[in-house]
Each structure stands twice: as structure tokens, then as C-alpha cells.
Amino acid sequence: EQAPTIGSYQSSENVLCSDILNRIMVTAKNLSSAIIENTDGNIIMKCQTPYVESVERDAYWGPTNRPGVVRSIVRAAVPIRLSDVEDNINRTSKLVAKVMVRQALIEGVQNGIFKNL
């Protein structure tokens, strides 16, 4: 399978052309939705479709028995829509949502959820 193309991504169509990026974004959305949309309180949080901002390569090359294996750094964004029954969304609510999604994605990486996509 081909590594994703390096560079900036302007539209979701570019992601759909890469099976790897598509699987990463679906997994990221599932993780984010699970943590964001299962919270209680007055603030309603909804995870929207994540998107890729850019792809870069790092200096890692795979083992000698797997020539051509490269590692890519995928920079992505996970938009979150917040709404409050009183229309009183504050900066703290946005920060909490951001931290929750970020922590869910970090734990997903640590637990190997993105491995073998």
C-alpha cells in the first residue's frame, strides 16, 4: 500500500484517494465522538468530520527486511460543535472539549488503535 502524498491537503477528496488516511480519519472520528458525545451537562458537544491539514515524512525508515517502509506525520483537525441550552458557551467549555478529544486520541495511539490500519 502506498504512503499518503506529502504536502498540504485542501479538501477531503485528497484524503479519500488514500486508503490509509481515510482509515485514520474514520478511527479518529470514532474515538472523538465516543468521548465527546457521551458526556452529561448543559453543553451539547458534537464531533464533526475530522480532516487532514498536511502530511510530512520523518527520518524513520523501516527495518532492512521491509524496504520502502516509511513513517508519515499526519496533521489533522477534529472540529467540535458546541451548543448550550442557554447560549452561554464560554472559553472553558471549548478548552475542556479540546482536552477531552486530544486525550482520547493520545490514549488511542498508546493503546495501538491506529496500528495496523
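**Notebook: the largest pocket and its surroundings**

I began with the open spaces in this predicted model, and I noted that the largest pocket has a volume of about 1500 Å³. Rolling a probe the size of a water molecule over the atoms shows where empty space is left.

Next I looked up the lining of the largest pocket, which is made up of 34 residues, and I wrote down that Ile-24, Ser-72, Val-74, Val-109 and Phe-114 lie nearest its centre. Sorting the lining by class, I found 22 nonpolar, five polar and seven charged residues.

I then asked myself which element supplies the largest share of the lining. That share, seven residues, comes from strand S4, while H2, S4 (70-77) and helix H3 (91-110) each supply at least two residues.

As S4 had come up, I followed its pairing and recorded that seven bridges join S3 to S4, the two strands running antiparallel; in this pairing Val-52 stands opposite Ala-76 of S4. On S3 (residues 51-61) I also noted two bridges to strand S1 (residues 7-8), again with an antiparallel run, and here Gly-7 has Val-55 as its bridge partner in S3.

Last, I turned to helix H2 (residues 19-36) and picked out Thr-27, which is found in it. Is Thr-27 buried or exposed? I entered it as buried, because its relative accessibility is 13% and the cut-off for buried is under 20%. Leaving aside neighbours within four places in sequence, I found Thr-27 in contact with Ile-113, Phe-114 and Leu-117; of these contacts, Phe-114 was already in my notes as one of the residues nearest the centre of the largest pocket.

Methods: Residues are numbered from 1 along each chain as its sequence is written. This is a predicted model: local features need pLDDT of at least 70, side-chain atom pairs count only at pLDDT 80 or more; totals for chains, interfaces and linings use all residues. Side-chain values use heavy atoms; hydrogens and water are left out. Helices (H or I, at least four residues) and strands (E, at least two) are DSSP runs, numbered from the N terminus. Buried means under 20% relative accessible area, exposed over 50%, partly exposed in between (1.4 Å probe, protein chains only). Contact means heavy atoms within 4.5 Å. On a 1 Å grid over the protein atoms alone, a cavity is a set of points where a 1.4 Å probe fits but cannot get out, and a pocket is an open set with protein on both sides within 12 Å along at least five of seven lines; lining residues have an atom within 4 Å of a point. Grid points are joined across faces, edges and corners, and a volume is the space filled by probe spheres set on the points. Ala, Val, Leu, Ile, Met, Phe, Trp, Tyr, Cys and Pro count as nonpolar, Asp, Glu, Lys and Arg as charged, and the others, Gly among them, as polar. Two strands pair if DSSP finds at least two bridges between them.
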